[in-house]
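Subject: Structure handover

Hello,

Here is the structure I promised to pass on. Please open it alongside this email; my notes follow below.

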Amino acid sequence: MTSLDAAKEIFQLTDVLAGQPMLRRALSDPSAQPERRVELASKLFASKVGAASFSSLERIVAQSWRSAEQMVQALELDGVRAALQSALADGALDRITSELHAVGEAVGSSAELTTTLRNGAYDLEARRSLVARLHGPDVHPVTSLLAARAVNGHRRSYTKTIDDYLDEAAELSDALVAKVTVARPLDQARIERLRAALAAKAGRPVSVQVSVDPEVLGGIN
């Protein structure tokens with residue numbers, strides 16, 4: 001099983017727990033011994049998911065949490081990290097961070113999109129389909145997966161959730177994050193030159209996140 005497959009299974013587990021309040025409370029019950037919670041998780045899920053996915057659930061369930069919702073959020077984050085790890089292994093992490101940043105920028109620049117994606121009254125799959133139409137079919141599979149997962153948001157805005165993913169990606173690659181605002185869009189060659197210059201100055205990898213603001217003076221902030 002690949003890290004991407006594990007990520008998808010972890011997200012499936014997250015969705016099951018998010019949809020079953022009694023189960024997530026049982027698996028996070030502070031009055032129960034960790035071994036009991038792990039035993040319950042094993043009985044329910046060990047035979048239904050891969051070893052890597054269950055290992056993640058087992059580790060999360062064994063910990064103490066302030067609330068069942070916090071436990072679910074921690075499991076979701078494990079799925080995000082597994083997806084990003086698969087991108088790192090494939091040498092595609094820079095591409096994915098660029099694509100995710102572009103999706104986040106597109107949503108953040110539209111009040112209508114921001115409101116729609118945060119509105120739980122709209123069907124979840126319909127909101128995810130809206131995001132899929134926004135980024136198109138040519139993005140990396142990890143980008144498509146995470147862009148869809150960000151719709152869940154766990155009470156955070158879509159753009160903030162995407163920013164959290166980008167922070168995780170930077171930490172995974174041990175890169176600094178440079179948030180650059182420009183007056184006009186930069187082509188990929190200029191972004192790569194900027195990335196190289198910043199990395200040379202910093203002495204470590206740099207993840208460049210470019211935002212466009214026509215009101216910027218002097219080209220770049």
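Val103 makes contact with Val131, Leu134, His135 and Tyr158, once neighbours within four places in sequence are set aside. Val103 sits in helix 6. Its relative accessibility is 5%, so Val103 counts as buried, the cut-off being under 20%. Val103 also lies 9.3 Å from Thr143, C-alpha to C-alpha, with their positions 40 residues apart in sequence. Keep in mind throughout that this is a predicted model.

One of those partners, His135, deserves its own look. His135 belongs to helix 8. At 16% relative accessibility, His135 is buried too. Residues up to four places away aside, His135 touches Val103, Ser144 and Ala147.

**The overall picture**

The protein has eleven helices and two strands. In sequence order, the pattern reads α-α-α-α-α-α-α-α-α-α-β-α-β. There are 221 residues, and 43% of them count as buried. The accessible surface is about 12000 Å². Carbon and sulfur atoms account for 52% of that surface. Among contacts with a separation of 6 or more, 69% join residues 24 or more positions apart.

**Helix 6 against helix 7**

How do the two helices cross, and at roughly what angle? The axes of helix 6 (residues 93-108) and helix 7 (residues 111-118) come within 6 Å and cross at roughly 105 degrees. Angles of 65 to 115 degrees count as roughly perpendicular, so helix 6 is roughly perpendicular to helix 7. Helix 6 contributes Ala106, Val107 and Gly108 to the contact. Helix 7 contributes Leu113, Thr114 and Leu117. By class, that contact of helix 6 with helix 7 has four nonpolar residues, two polar ones and no charged ones.

**Helix 7 to helix 8**

Thr116 is in helix 7. Beyond residues up to four places away in sequence, Thr116 touches Tyr122, Arg127 and Leu130. The C-alpha atoms of Thr116 and Leu130 are 9.4 Å apart, and the two residues are 14 apart along the chain.

Now take Arg127, which is in helix 8. Is Arg127 buried or exposed? Its relative accessible area is 10%, so Arg127 is buried. With neighbours within four places left out, Arg127 is in contact with Thr116, Leu117, Asn119, Gly120, Tyr122 and Val151. The C-alpha atoms of Arg127 and Ala148 are separated by 8.4 Å. Along the chain, Arg127 and Ala148 are 21 residues apart.

**Helix 9**

Helix 9 (residues 141-149) is mostly covered. Seven of its nine residues are buried. Those residues of helix 9 are Val142, Thr143, Leu145, Leu146, Ala147, Ala148 and Arg149. Several names recur from above. Thr143 is the residue paired by distance with Val103. Ala147 is touched by His135. Ala148 is the residue paired by distance with Arg127.

What covers the buried residues of helix 9? The cover includes helix 1, helix 5, helix 6, helix 8 (124-135) and helix 10 (158-172).

**Helix 2**

At the other end of my list is helix 2 (residues 21-28), where Leu23, Arg24, Leu27 and Ser28 are buried. Seen down the axis of helix 2, these buried residues fall within an arc of 125 degrees, so they line one face of the helix. The background is simple: an α-helix has 3.6 residues a turn, so residues three or four places apart point the same way. Cover for the buried residues of helix 2 includes helix 1 (3-19), helix 3 (34-45), helix 4 (51-62) and helix 5 (68-89).

**Ser53**

One last residue. Ser53 is found in helix 4. Its relative accessible area is 0%, so Ser53 is buried. Which residues is Ser53 in contact with, leaving aside its neighbours within four places in sequence? They are Met1, Ala6, Glu9, Ile10 and Leu13.

Best wishes

Note on methods. Residues numbered from 1 in each chain as written. Predicted model: local features only at pLDDT ≥ 70, side-chain atom pairs only at ≥ 80, totals over all residues. Heavy atoms only, no water. Buried < 20%, exposed > 50% of the residue type's maximum accessible area, 1.4 Å probe, protein only. Helix = DSSP H or I, 4+ residues; strand = E, 2+ residues; numbered from the N terminus. Arc of directions from axis to C-beta. Contact = heavy atoms within 4.5 Å. Axes fitted to C-alpha atoms, helices over the stretch in contact; angles between N-to-C directions. Parallel < 35°, antiparallel > 145°, perpendicular 65-115°, else oblique. Nonpolar A, V, L, I, M, F, W, Y, C, P; charged D, E, K, R; others polar. Areas by Shrake-Rupley, 256 points an atom, 1.4 Å probe, with all protein chains shown as cover.
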